[in-house]
Amino acid sequence: MYSLSLSLTHTQTHTHFSQYEPLQLHTSAISEHMDMCIFNCYYLTIFQFVKKYGNLFSLELGDISAVLITGLPLIKEALIHMDQNFGNRPMTPMRERTFKKNGLIMSSGQIWKEQRRFTLTALRNFGLGKKSLEERIQEEAQHLTEAIKEENGQPFDPHFKINNAVSNIICSITFGERFEYQDSQFQELLKLLDEVTYLEASKTCQLYNIFPWLMKFLPGPHQTLFSNWEKLKLFVSHMIEKHRKDWNPAETRDFIDAYLKEMSKHTGNSTSSFHEENLICSTLDLFFAGTETTSTTLRWALLYMALYPEIQEKVQAEIDRVIGQGQQPSTAARESMPYTNAVIHEVQRMGNIIPLNVPREATVDTTLAGYHLPKGTMILTNLTALHRDPTEWATPDTFNPEHFLENGQFKKREAFLPFSIGKRACLGEQLARTELFIFFTSLVQKFTFRPPNNEKLSPKFRMGITISPVSHHLCAVPRV
């Protein structure tokens with residue numbers, strides 16, 4: 001088992017290894033955001049280490065330790081066959097201060113099972129997998145198209161228009177309403193969301209998790225981060241209070257109403273996981289996850305279309321042939337549009353927005369691939385290496401939709417795991433796939449995306465909880 005030690009300064013990275021010793025790591029408490037921010041910052045370096053040291057090794061950053069798993073067989077072994085051993089999420093001081101053990105993303109054990117089961121039922125009740133939700137996405141795609149049309153083909157930053165459109169879908173499920181793109185209060189909330197996504201990758205925020213007793217007294221980005229999360233929680237709290245004022249248990253309008261109804265069933269039960277703080281955190285988790293990941297993927301999609309005009313032309317040719325300019329894109333048309341579908345999948349592969357997956361934690365002492373992992377060991381799964389594996393992909397470092405095509409038909413790939421796998425895979429996968437197809441196809445149907453004359457576009461990225469494109473402008477030229 002090899003062990004790598006990565007310093008905060010990165011330039012002092014060094015390795016040490018003991019190939020035949022069982023892995024011995026102290027229990028570490030690392031949250032989703034800490035893991036992704038710290039280790040995403042090093043993922044390109046880690047990719048080189050995998051080539052040198054193999055598919056299972058430990059990582060150390062200060063007093064933080066983890067095990068990185070690379071390769072489809074090992075990932076499947078850990079997340080599917082041994083999922084009961086790796087079902088928990090680790091916890092950090094930063095996560096503890098902001099959310100404690102509440103919500104959907106970072107909860108564990110029985111609390112997570114109850115919250116996930118309830119949320120999946122609620123999502124289905126409010127349209128997940130049904131035509132009604134697809135129609136809502138189609139309607140929002142029209143709003144987005146109109147908003148972009150107002151730019152008159154001139155350079156614009158697509159970031160927050162796309163954020164707003166995608167967020168409106170999860171907002172309609174959680175809050176029962178959508179927000180106009182000109183709504184200044186909602187735009188401020190989206191900016192807070194974007195800022196926390198970015199801030200959690202800062203070294204100061206990483207240091208908070210290592211030295212919370214010291215950092216809590218010092219100024220810096222970590223204090224802004226805490227303030228932003230509190231503002232976002234306050235927004236959700238206000239929405240809950242608004243619901244309470246006209247709540248009718250007989251008429252469940254949205255996720256908040258459904259949760260209030262569930263809470264009423266557990267009144268007086270101090271051990272129930274259905275309480276106010278979990279309502280706030282679960283709603284905020286849905287709001288965050290339902291906005292950030294899909295909108296970031298769409299931003300990558302439009303950027304890649306501007307970077308690869310010949311691919312964009314092929315997508316438009318397929319759209320014109322299958323649904324034309326007048327018909328709205330729908331999931332029913334997806335099977336007849338293999339090239340468009342392949343392009344979306346290739347955007348996800350290349351965009352690689354969560355390169356080391358959301359972390360797990362060993363719930364018991366476990367043996368994986370012959371190595372001992374003590375209870376509490378944090379587990380990272382190397383999606384970057386999987387999505388750039390030269391044995392799986394013909395041109396792993398090049399944007400190439402042919403990776404998902406065979407004889408002109410769409411081809412599923414086992415080594416494609418942007419939503420993870422196992423019981424803790426993304427619960428919004430079906431919604432995200434529907435949104436990606438309808439939004440992307442609607443936009444490329446109506447516009448040709450090009451670089452501005454005075455701006456050179458590139459696939460450079462910004463580090464954060466997710467890997468997102470650096471700030472850029474596009475020209476959306478209406479198609480005649």
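How many residues does helix α15 have, and what span does it reach from its first C-alpha to its last? The helix runs over residues 338-351, has 14 residues and reaches 20 Å, close to the 20 Å expected at 1.5 Å a residue. Keep in mind that this is a predicted model. Below is a quick tour of that helix, the salt bridges, the cysteines and a nonpolar surface patch.

**Helix α15**

- Is α15 enclosed or open? Of its 14 residues, 14 are buried, so the helix is largely enclosed by the rest of the structure.
- Right after α15 comes N352, and its phi is positive, near 50°.
- As background, an α-helix has 3.6 residues a turn, so residues three or four places apart point the same way.

**Salt bridges**

- Searching the whole structure turns up 20 salt bridges. The general idea is simple: side chains of opposite charge can pair when their charged atoms come close.
- One of the 20 pairs E414 with K76, and their closest N and O atoms sit 2.6 Å apart. E414 is in the loop between β10 and α17, while K76 belongs to helix α3 (residues 72-81), so this pair ties together parts that are 338 residues apart in sequence.
- The two ends of that pair have their own exposure classes: E414 counts as exposed at 52% relative accessibility, and K76 is partly exposed with a relative accessible area of 24%.
- Another salt bridge links E392 and R413, with 3.9 Å between the closest N and O atoms. Here E392 comes from the loop between α16 (383-387) and β9 (405-406), and R413 from the loop between β10 and α17, so the pair ties together parts that are 21 residues apart in sequence.
- Which side of the E392 pair is buried? R413 counts as buried, at 18% relative accessibility, because the cut-off for buried is under 20%. E392 is partly exposed, with a relative accessible area of 29%.
- E406 and K411 make a salt bridge too, the closest N and O atoms being 3.5 Å apart. E406 counts as partly exposed at 45% relative accessibility, and K411 is partly exposed with a relative accessible area of 29%.
- Salt bridges with shared partners also join E140, R178 and E180 into one network.

**Cysteines**

- How many disulfides does the structure hold? The count is 0. For reference, a disulfide is a covalent bond between the sulfur atoms of two cysteines.
- C171 is buried, with a relative accessible area of 0%.
- C426, on the other hand, is partly exposed, at a relative accessible area of 36%. You'll find C426 in the loop between β10 (409-410) and α17 (429-446).
- An unreviewed UniProt entry puts the feature "binding site" at C426.

**Nonpolar surface patch**

- Which residues form a nonpolar patch on the surface? They are F211, W213, L214 and L218, and together they have about 380 Å² of accessible area.
- Within that patch, L218 sits in the loop between α10 (212-215) and α11 (221-245).
- L218 is partly exposed, with a relative accessible area of 35%.

Conventions:
Residues are numbered from 1 along each chain as its sequence is written. This is a predicted model: local features need pLDDT of at least 70, side-chain atom pairs count only at pLDDT 80 or more; totals for chains, interfaces and linings use all residues. Side-chain values use heavy atoms; hydrogens and water are left out. Patches are made of residues with over 30% relative accessible area and no salt bridge: like charges are joined within 9 Å, nonpolar side chains (Val, Leu, Ile, Met, Phe, Trp, Tyr) within 5 Å. Accessible areas come from the Shrake-Rupley method with a 1.4 Å probe; for residues, only the protein chains shown count as cover. A salt bridge is a side-chain nitrogen of Lys or Arg within 4 Å of a carboxyl oxygen of Asp or Glu. Helices (H or I, at least four residues) and strands (E, at least two) are DSSP runs, numbered from the N terminus. Buried means under 20% relative accessible area, exposed over 50%, partly exposed in between (1.4 Å probe, protein chains only). A disulfide is a pair of cysteine sulfur atoms within 2.5 Å. UniProt positions are given in the numbering used here, feature names are shortened, and annotations may be inferred rather than shown by experiment. The expected span of a helix is 1.5 Å times one less than its number of residues.
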